[in-house]
Amino acid sequence: MSTHQEEDFSMDELLEGFQSVTGPEEDDANEEQPAEKILAHDAIRGNKQLEELFERVHSLLGNADDEEISFKPKIPETLSETKLSADEIEKLVLKFLLQKGSAAGRSISAQIAIPFGILFPLLKVWKNDQLITFKNAAEMGDYVFGITDLGRERARKYAIECSYYGAAPVGLPEYLHSMAMQTIAGMEATEQDLNRAFSDLLISKEMFHKLGPAINSGRGMFLFGEPGNGKTSIAERITSCFGDTVWIPRTLGIDGDLIRLFDPGVHEIVFDDEDETIFDLSGVDPRWVRIKRPTIVAGGELTMKELEVTQNPITKICESPLQLKSNCGTLVIDDFGRQTMPVEVLLNRWIVPLEKRFDYLNLPSGKKVQVPFDQLIIFSTNLEPNDLVDGAFLRRIPYKIQVPDPLPEHFVKLFDIMAPKVGLINDPEAVEYLIDTHYIPKQRPFRNCQPRDLLLQVRNFCVYRKLPKKVTKEAFDFAVDNYFSMM
């Protein structure tokens, strides 16, 4: 809906539009009303899909004057709006047909994420060029297209250059614009936001007061403390303080290099139930995907290779680095200091991006491009930050937050919280026995992970002995003997 005139429909005009879709029917019971309204109303009542369409259109019209508050990639209406050339689309189509053999035009459109209205004229041009051929008719004015010998030969040459034939790429300028519209730099997290994000964790008010300003900085922080106190759990929940979802391209195209950005291994797609009908009223460019704000965790396995654009030598498809995949979200470097690469190498790689909030990537073509470094970097470690890095780097990570051992009352409360989650009935007397017998005499420190770990062993003990699933002193004795045997 690009103009005010297009948005300002009356309800009569909408109903007349539905009548033209559904066709006339007879109804003698409503002779006093205008015939076209009767027919349209009957059609709507008799067709659930059209009713859903009506409600969707009504919702869109009702919100037409609302201020746009979030980024949404608009579906292109012409080839020029895709920022792609016909040759770039041709490569994807021919490589797809080389593998598939034949496919309907709308199936090709769905595969490469180019609207059918843009793709169909190109298919007819390539048919005239004898690259593809009509095999037979398909539904809704479509055709089944097959690849010719000439098209197959050309597709093989394209596949040698790059075997990719998925969603058409989005250009770097469009990606940069989307990141600017969805950046976390301008986000503000309140105490209410933190309470919502950490609703399933037991976090003290003091910790909240430290985390809030650090999250609002949008830059980076150290989380340090003893293992088992929830540093990784805290880091994983911070992202939700910045909002729910963002839009990212499935693939980036930069001067001929195709870089996969969407990674189903770390990105979670968010679907809209209201858009799951035969009518696509979303108005969204299908080359983009809506995901939960990403939280990417890289542990001791992190290498320098994962921080650069890498190209598969056989397929010639490029994979984006972790910091690009985590833009508009959070990147957690877990077990910092235990990576196979030296700490100094990792710090030198990021010392400038942390300061400037942009990064430079080297492409296989030899070109270097500037991209946003727009995420909250969290270094989670069991070691003292001062023992890992020098002052110059610590200055660029303004927040260093210690995650302490839980207080005794918090430790006890964790058993109340965790017991039902693992299928047990808690017994406060048994928990008191646990602390008085197995913690205080041995000066054993409390850790936030221990209630969950001990309760899991208690549950397994009860299952094996065919006992009621209830916390008991005997079960705690068994669990402690196993859990702390080497600690």
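These are legends for a handful of close-ups of a predicted model.

**Close-up 1. A parallel sheet of 5 strands.** Here we're looking at an open sheet whose strands come in the order 10-13-16-5-17, with parallel pairing. At the edges sit strand 10 (295-298) and strand 17 (399-402), and each of them pairs on one side only. Going from one strand to the next, the twist averages 20 degrees. If you'd like a reminder of what holds such an arrangement together, strands of a sheet pair through backbone hydrogen bonds, either parallel or antiparallel.

**Close-up 2. Strand 13 next to strand 16.** Zooming in on the parallel sheet, strand 13 (residues 330-333) and strand 16 (residues 376-381) run parallel and are joined by 4 bridges. A handy spot to pick out is Ile333, which stands opposite Phe379 in strand 16.

**Close-up 3. A helix laid across the strands.** Which strands does helix 11 lie across? Helix 11 (residues 205-217) lies across strand 5 (220-224), strand 16 and strand 17. With strand 17, helix 11 makes an angle of about 155 degrees. Keep helix 11 in mind, since this helix turns up again in the lining of the second largest pocket.

**Close-up 4. A mixed sheet of 5 strands.** This open sheet has the order 4-7-8-12-11, and its pairing is mixed. Strand 4 (170-171) and strand 11 (310-311) are the edge strands, each pairing on one side only. Both senses of pairing can be found around strand 12 (residues 318-319): strand 8 pairs with strand 12 in the parallel sense over 2 bridges, while strand 11 runs antiparallel to strand 12 and is joined to it by 2 bridges. Cys318 is the residue to click on here. Ile259 stands opposite Cys318, and Gln311 stands opposite Cys318 too.

**Close-up 5. The hairpin of strand 7 and strand 8.** Still in the mixed sheet, strand 7 (residues 251-254) and strand 8 (residues 257-260) pair in the antiparallel sense, with 4 bridges between them. Gly253 stands opposite Leu258 in strand 8. The two strands form a hairpin with 2 residues between them. In that turn, Asp255 has a positive phi of about 50 degrees.

**Close-up 6. The hairpin of strand 14 and strand 15.** Strand 14 (residues 358-362) and strand 15 (residues 368-372) run antiparallel, joined by 5 bridges. Asn362 has Lys368 in strand 15 as its bridge partner. How many residues lie between the strands of this hairpin? There are 5 residues between them, and Gly366 takes a positive phi near 100 degrees.

**Close-up 7. The cavity.** Now for some empty space. Rolling a probe the size of a water molecule over the atoms shows where empty space is left. The count comes to 1 cavity of 30 Å³ or more, and the largest cavity holds about 30 Å³ of space. Its lining is made up of Tyr175, Met179, Ile248, Leu261, His267, Leu324, Lys325 and Asn327. Helix 9 (172-182) and helix 13 (322-325) each supply at least two residues of that lining. Sorted by class, the lining has 5 nonpolar, 2 polar and 1 charged residues.

**Close-up 8. The second largest pocket.** This pocket has a volume of about 760 Å³. Its lining takes in 31 residues, and Leu201, Leu202, Asn229, Gly230 and Asn448 lie nearest the centre. Helix 11, helix 12 (231-238), helix 17 (408-421) and helix 19 (450-465) each give at least two residues to the lining. Helix 17 supplies the largest share, 5 residues. As for chemistry, the lining residues divide into 14 nonpolar, 10 polar and 7 charged.

**Close-up 9. The same pocket, seen by domain.** Why does the second largest pocket lie between domain 2 and domain 3? Domain 2 (191-402) and domain 3 (408-484) both give residues to its lining, so the pocket lies between them.

Methods
Residues numbered from 1 in each chain as written. Predicted model: local features only at pLDDT ≥ 70, side-chain atom pairs only at ≥ 80, totals over all residues. Heavy atoms only, no water. Pairing = 2+ DSSP bridges. Axes fitted to C-alpha atoms, helices over the stretch in contact; angles between N-to-C directions. Contact = heavy atoms within 4.5 Å. 1 Å grid on protein atoms, 1.4 Å probe; cavity = no way out; pocket = protein on both sides within 12 Å on 5 of 7 lines; lining within 4 Å. Points joined across faces, edges and corners; volume = space filled by probe spheres on them. Nonpolar A, V, L, I, M, F, W, Y, C, P; charged D, E, K, R; others polar. Domains from an automatic or database assignment.
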